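Work through the exercises below with the model open. Try each task before reading its solution.

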Amino acid sequence: EVRLLRRAAILAGLLFSSGLAVIYLSNLRLLHRTYPLAPITLAADLAPDAAERGKRLADVTGCTDCHGVDLRGKTFIDEGWWRGRYYSSNLTLKAQEYSDGELARIVREGVRPDGLGVIAMPAFGFSRLTDAEMAAIIAFIRSMPPGGSVQRDHHTGPLDQWDLWIGKLKPAISYVAPERKKAPPDLGPAHEYGRHLVAIVCTEC
């Protein structure tokens, strides 16, 4: 009887380990999926105060909350090993590496220049940023002195791995198309800009 129980425990352990391996490998495939890269050209003429306007937009949209006031990145979600730790990129270094179009694609579509999707970027709201707004935010990013270190990769813990597996957590690009079909109520021209800001900022929550 003891031998049977031991065998059953070993079999259960093997099945559990196999299940974890299937989940991990499936998630790895999801996170390493590449997406098509359509060329992006920002149709916007930069005014002398573009960086200043970009800073205001970066504050309103939460860029400086997640990436820090110096845009050098930080740990912006830390829910422990079991859930996950997520790190925002050092934008002052990325600005040296990426073109304006590549930065815009990450922000508005959630796709990196190598075609990989990013996690924990609210691109579904930022997809509504106009070219002028996006260009101003990029002007602000480029106005910041480069420095600091490259931030580490995300740690996706077992609980977040499960959320990826069941579709509760997804790459940012997965949310963009469905969200573009939605819009806040249209209350008339007098509230148009407020409606626009709500669509960009408030949809995150």
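**Exercise 1: The sheet**

In this predicted model, strand β2 (residues 84–87) is joined to β3 by 2 bridges, and the two run antiparallel. Work out the strand order and find the edges.

Solution.
- Start with a register point: G84 faces T156 in β3.
- Extend to the whole sheet. It is open, has 3 strands and follows the order β1-β2-β3, with antiparallel pairing.
- Now the edges. β1 and β3 (155–156) each have a single partner strand, so one side of each lacks a neighbour in the sheet.

**Exercise 2: Positive phi**

Locate L71 and A120, then decide for each: buried, partly exposed or exposed?

Solution.
- Recall the background: most residues other than glycine have a negative phi.
- Take L71. Its phi is near 65°, a positive value. L71 sits in the loop between α3 and β1 (75–78).
- Check its accessibility. The relative accessible area of L71 is 1%, and buried means under 20%, so L71 is buried.
- Take A120. Its phi is also positive, about 65°. A120 belongs to the loop between α6 and α7 (123–126).
- Check again. At 37% relative accessible area, A120 is partly exposed.

**Exercise 3: Helix α8**

Compare the span of α8 with expectation, then list what its buried residues pack against.

Solution.
- Helix α8 covers residues 131–143, 13 in number. From first C-alpha to last it reaches 18 Å, close to the 18 Å expected at 1.5 Å a residue.
- Mark the buried residues: E133, M134, A135, A136, I137, I138, A139, F140 and I141.
- Follow their packing. The partners are α2 (50–61), α3 (63–66), α5 (91–97), α6 (100–109) and α11 (192–201).

Definitions and conventions
Residues are numbered from 1 along each chain as its sequence is written. This is a predicted model: local features need pLDDT of at least 70, side-chain atom pairs count only at pLDDT 80 or more; totals for chains, interfaces and linings use all residues. Side-chain values use heavy atoms; hydrogens and water are left out. Helices (H or I, at least four residues) and strands (E, at least two) are DSSP runs, numbered from the N terminus. The expected span of a helix is 1.5 Å times one less than its number of residues. Buried means under 20% relative accessible area, exposed over 50%, partly exposed in between (1.4 Å probe, protein chains only). Contact means heavy atoms within 4.5 Å. Two strands pair if DSSP finds at least two bridges between them.
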